Protein chains: 2
Amino acid sequence: AGLEKHIVGCCSVDFPVAAVLPAGGSGERTGLSTPKQFCTFLNRPLISYTIQTFERVPWIQSIVVVVAKESLDLMMDIVHRFHHTKVLVVHGGSTRHRSIFNGVCALSKREDGTALVKPKVVIIHDAVRPFVEEDFLLKITMAAKEQGAAGAIRPLVSTVIAATSEGYLDHSLERTKYKASEMPQGFLYDVIYKAYLSCSESDFEFGTECLHLVLRYCGTNAKLIEGPPTLWKVTYKRDLAAAESIVKGTLSESACVVAGGSKRAAELARVLQKSMGVLGMEVDVISDLIGDNAKSLSSKWNFILISMNIHSLSEVEKTLSMLEDADRALLHPVVIIWVHLKSLEDDSSVNEERAAMMDLASGAKLRNVLVYGIQLHHSKEAQLWERSVERLTEISSALIRDRTPALIGQLLQA
Amino acid sequence: AGLEKHIVGCCSVDFPVAAVLPAGGSGERTGLSTPKQFCTFLNRPLISYTIQTFERVPWIQSIVVVVAKESLDLMMDIVHRFHHTKVLVVHGGSTRHRSIFNGVCALSKREDGTALVKPKVVIIHDAVRPFVEEDFLLKITMAAKEQGAAGAIRPLVSTVIAATSEGYLDHSLERTKYKASEMPQGFLYDVIYKAYLSCSESDFEFGTECLHLVLRYCGTNAKLIEGPPTLWKVTYKRDLAAAESIVKGTLSESACVVAGGSKRAAELARVLQKSMGVLGMEVDVISDLIGDNAKSLSSKWNFILISMNIHSLSEVEKTLSMLEDADRALLHPVVIIWVHLKSLEDDSSVNEERAAMMDLASGAKLRNVLVYGIQLHHSKEAQLWERSVERLTEISSALIRDRTPALIGQLLQA
Ligand SMILES: [Mg+2]
Ligand SMILES: [Mg+2]
């Protein structure tokens, strides 16, 4: 489905497109000291999620991120750390509109003043709306190409009312006639550029809407397109929790169980596939990560390795180095759960293994891979066994869902 | 501070006040099959959080919850399960206004038709805005008493625009002149009652604003009061994650470390107090939960019991039964972390203890208490010891913050 989307986009967009992400806000409303675009969850600042969203769209050529002067170094570091390749960082102006204009200008002039191939369409999007989808960006882009300007709208969540100067209700607006103006917005480059060249100091200082500027100074009536609720803006601290939960939800949609060669392990893998399926997680079972199976390394965020042998942490090590070769954990933490299926006879002490496990996990964490262990006692009593499998399912789901760094290296008991 | 608030409220509110919570919504927008007011986090449905918010305000006498007919049993069960005592459940009408009117009527008539002491002021609030604060309810109530009506407003988050019938931008509203109308709203009983008696079928069917009805039918201009961002409405699935994170944040603000009589345990408790303080958690250290110290049982949501003896799960059991006596875990899950400080000499196997721990924790979970274990190895090497204490801090914080049921009964290694 992702590939199809790319193809549709690449066929229709036969002209250069760029994006400008104003990211100069101070984020007072989050109640945090860090501006919200730089707040981090799952080891990555919010703005990097938004950049990634644009970077993976093949028909968007470049992304200008506009930041406050004091954030330039931080932003360059983020671009470097997360290997963002389409990004140009420029510093902002004293207001939102001045910042956007700086971003727009950066698309047609190099710093030394020489000209660049300027884009046909510019998408303007908030750095703090990380979940915009490719097909919606396509709609905005195509409408901007045809109409000169296009903007996302959403139905009003609350009734809008006008207050008297004394703070009493004057009247309420009819909700159906009005919409909330959101981001992204798209513009023909020449239209937005001209609007900014023509607009007044007061527009630069107090204006809130690019759509309004192009209407006023270019006579361009923007096409309004209703967007999905995922366009919402991370504004408060609670929105960061919501964003984190959305990303965690996506990362825990599926897992890959590697069962090895043993028949018992393969059986357990099948049972786990079914029980985690009930909890809504799609689980693939494979015997190893070699050959064709290695594809999982670049498509899954979660690996459950089943082992019959307590001395087989080497499997985890191997998986770790394959993940590293695939640069898999660059953008999101990867989870590896090592399940030790303990046989009836095996009463080996695990103290040594525990220490090895903790060392391994501590090292992996530095590479953004979270390694957890679960020990499962084989039992001939059906009820005990079922209870163990149930616990294995619950613990695995929780570890994958929560991705808690504090619990790495533990050997949990199912 | 909480007590002070109550006192201020009780002094100013010398008249009867009731609340109506319309809770008949179908919650389509969450993308969940359960209406959002009945969605559960930390073992409790959202609506119970909202009810609790009103129930703990001493100057609010009764709370009418209006639900769809098909939710009556579910709602009664929630009232029963969480010991809500001020609540009257009535069934709603076919629209929001009809439901609110049903709720308002229920405040002046018993089901058998005989009269009740009707309240002077009625607060109307959405069941899906659980975090409204007492001082804001007081402001709304006092303004309603004086002006006849009062409503919460918030600044507009997005620019509001008018679209042409073809879907193009017509004009945008000047943001500063308009406000978003939110909940709670307060009314003199006689004013809201009269407005509903006088209003048209079309108002009942399509109207959105009680404020508008009292203006139109009673000539009452509502006083508008800007509320805090916490008034926001749980609308989407992501808002449930945000609400859960807010509650979890509140529950993990502080913890109580019970150190027992040993000097080593007391030292560890002090270190933990400091290190968890750095992470933002306020930690009290006490030696036991007896006498005056027992107050912690009714004020803390998290207990860390430090023990030198692996065979001392009885302390956990004792704490459990004290919590049960205090009905402590009725509204929120309580966390008990049992920390076993293992001496150098102690190389006892923990397998037996593990099983006992799991049994204990499984039983406690049924009573909404989450029991976790952490084993800490005393070391004479300063570096090893520091690393262990650091891990103890991280694990304890994560367990308290996440409250993951799947991990109860584990004996984690610090
Ligand atoms: Mg704008
Ligand atoms: Mg209303």
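This is a short dialogue on reading strands and chain symmetry in a predicted model.

Reader: What should I know about the numbering and the cut-offs?

Author: Residues are numbered from 1 along each chain as its sequence is written, while chains are lettered from A and ligands numbered from 1 in the order in which they are written. In this predicted model local features need pLDDT of at least 70, side-chain atom pairs count only at pLDDT 80 or more, and totals for chains, interfaces and linings use all residues; side-chain values use heavy atoms, without hydrogens and water.

Reader: Is strand S4 of chain A mostly covered or uncovered?

Author: Strands (E, at least two residues) and helices (H or I, at least four) are DSSP runs, numbered from the N terminus. Buried means under 20% relative accessible area, with a 1.4 Å probe and protein chains only. In S4(A), residues 62-67, five of the six residues are buried, so to speak mostly covered.

Reader: Which strands pair with S4(A)?

Author: Two strands pair if DSSP finds at least two bridges between them. S1(A), residues 17-22, is parallel to S4(A) over five bridges, with Ala19(A) opposite Ile63(A). S5(A), residues 87-91, also pairs with S4(A) in the parallel sense over five bridges; there Val66(A) has Val90(A) as its bridge partner.

Reader: How are chains A and B related?

Author: Copies are superposed by least squares on the C-alpha atoms of residues with pLDDT of at least 70 in both. Here a rotation of 180 degrees, with 0.0 Å of shift along its axis, places chain B on chain A (RMSD 0.0 Å). The two copies are therefore related as by a two-fold rotation axis. In chain B, Ala242(B) has the C-alpha nearest the axis, 2.5 Å from it.

Methods:
Buried < 20%, exposed > 50% of the residue type's maximum accessible area, 1.4 Å probe, protein only.
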